[in-house]
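Visitor: Could you take me through one part of this model in detail, beginning with the strands and moving on from there to the ligand and its surroundings?

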Amino acid sequence: MVLSGSQAKGLQITPRYMELHRMPDSIRTTEPVAGYPVYEIDHPTCTARVALHGAHVMEWQPKHVSDPVLYLSPEAVLREGKAIRGGIPVCWPWFNAHPTDPSLPSHGFARSTFWKTGEFSTDGDAVTLRFTFEKGAWHAELRLSLGEALEAELTTTNRGDQPVPVSGALHSYLRVGDISAIHIEGFDGCGYLDTVGAPAARRQDGPVRFDSEVDRIYDTHGSSRLVDPTLHRTITVEKSGSPSTVVWNPWIEKAAALGDLPDEGYKDFVCIEAAIANDLAVRLAPGESHKFSTRIRVEEERRL
Ligand SMILES: O=P(O)(O)OC[C@H]1O[C@H](O)[C@H](O)[C@@H](O)[C@@H]1O
């Protein structure tokens with residue numbers, strides 16, 4: 001982890017801050033970099049780390065599985081304005097390049113800004129964290145439920161007086177034992193936009209396997225299953241409210257070009273992202289809201 005700190009304006013962890021943000025016993029506020037709070041969770045069902053920056057789940061591991069479920073790059077940078085490489089970046093209020101203004105950041109503002117904390121609570125099944133973020137007319141609330149399963153639900157509300165578009169993604173980086181050995185089920189027969197090279201519309205035939213760069217936007221509201229023979233487990237990604245699922249692995253050249261990912265890091269993850277992409281952006285009338293969510297769970301084979 002590269003610790004390159006900056007002081008988030010007004011975000012000093014003082015006794016007063018702690019009093020205002022009293023935590024359930026299973027949540028502890030840490031500050032791996034000055035002014036960069038990270039909530040550490042140790043609950044009977046799971047352990048996790050969530051950064052206030054981007055409302056970003058960095059790590060999550062249910063106690064019944066042997067390996068972390070999410071991939072976090074060992075070269076991820078914790079600095080205001082820079083998205084964390086790995087975990088679950090919240091891409092919002094648009095996905096990828098802005099449709100009309102190339103000067104705006106790829107994947108929106110939310111992943112590279114501090115959010116505000118809402119209510120944190122816990123029960124026997126999970127820890128629930130709520131965060132909010134506002135930019136112009138766009139208001140977002142992210143609810144995270146971290147237990148044996150992980151749920152992330154993003155609600156956008158138009159608080160302005162004109163219609164606004166919204167798209168985005170819950171960009172889960174899932175750890176794998178060996179990218180060449182995994183396959184993903186759930187897309188057979190599904191149409192997709194292949195965005196490696198010149199964009200091309202194609203149809204999936206059988207499971208998705210990896211032997212080169214993959215960057216695809218599948219047209220589906222359905223769930224998918226990542227089968228990992230090396231880690232002896234299957235990860236199921238369910239979702240609602242999003243018409244696309246993005247599957248991404250940068251492979252060799254793109255991984256080498258990413259400064260916050262080791263050159264060999266592409267072997268260790270695949271992204272399966274609940275997304276609203278390209279021309280499927282939702283148009284919200286003033287006062288209107290839209291929700292989309294993802295739910296991730298893991299079944300591990302018993303190892304002898
Ligand atoms: O490097 P980033 O801006 O985090 O984007 C990482 C990736 O996100 C998505 O999966 C897109 O489909 C990819 O085209 C993009 O490369």
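Guide: In this predicted model, a good place to begin is the pairing in which V90 stands opposite L170 of strand β11. That pair belongs to the contact between strand β5, residues 90–91, and β11, two strands that run antiparallel and are joined by 2 bridges. Strand β11 itself spans residues 168–175 and is mostly covered, since 7 of its 8 residues are buried. It also pairs with strand β19, residues 269–276, again in an antiparallel arrangement, and here 8 bridges join the two. Within this second pairing, G168 of β11 is found opposite I276 of β19.

From these strands one can pass to the ligand, whose surroundings include H171 and E273, along with R85, F95, N96, H107, R111, D215, V246 and W248. By the numbering of the strands, H171 falls within the range of β11, residues 168–175, while E273 falls within that of β19, residues 269–276. Taken by character, the residues of this shell divide into 3 nonpolar, 3 polar and 4 charged.

Several side chains of the shell can be followed down to individual atoms. For H171, an N or O atom of the side chain is placed 2.8 Å from an oxygen atom of the ligand, and for R111 a side-chain N or O atom is likewise 2.8 Å from a ligand oxygen. In the case of R85, a polar atom of the side chain lies 3.1 Å from an oxygen atom of the ligand. As for cover, the ligand on its own has 390 Å² of accessible area, and the protein covers 83% of it.

Two other places in the fold are worth adding to this picture. One is the hairpin formed by β6 and β7, which have 3 residues between them. Strand β6, residues 116–122, and strand β7, residues 126–135, run antiparallel and are joined by 5 bridges, and in this pairing F120 stands opposite L129 of β7.

The other is T236, a residue of strand β17, which covers residues 233–240. T236 counts as buried because its relative accessibility is 5%, where buried means under 20%. If residues up to four places away in sequence are set aside, T236 touches S224 and R225, and also R295, I296, R297 and E299.

Definitions and conventions. Residues are numbered from 1 along each chain as its sequence is written. This is a predicted model: local features need pLDDT of at least 70, side-chain atom pairs count only at pLDDT 80 or more; totals for chains, interfaces and linings use all residues. Side-chain values use heavy atoms; hydrogens and water are left out. A residue is near a molecule or strand if one of its heavy atoms lies within 4 Å of it. A polar contact is a pair of N or O atoms within 3.5 Å; within protein, one must be able to donate a hydrogen and the other to accept it, and residues adjacent in sequence count only if both atoms are side-chain atoms. Accessible areas come from the Shrake-Rupley method with a 1.4 Å probe; for residues, only the protein chains shown count as cover. Ala, Val, Leu, Ile, Met, Phe, Trp, Tyr, Cys and Pro count as nonpolar, Asp, Glu, Lys and Arg as charged, and the others, Gly among them, as polar. Helices (H or I, at least four residues) and strands (E, at least two) are DSSP runs, numbered from the N terminus. Buried means under 20% relative accessible area, exposed over 50%, partly exposed in between (1.4 Å probe, protein chains only). Contact means heavy atoms within 4.5 Å. Two strands pair if DSSP finds at least two bridges between them.
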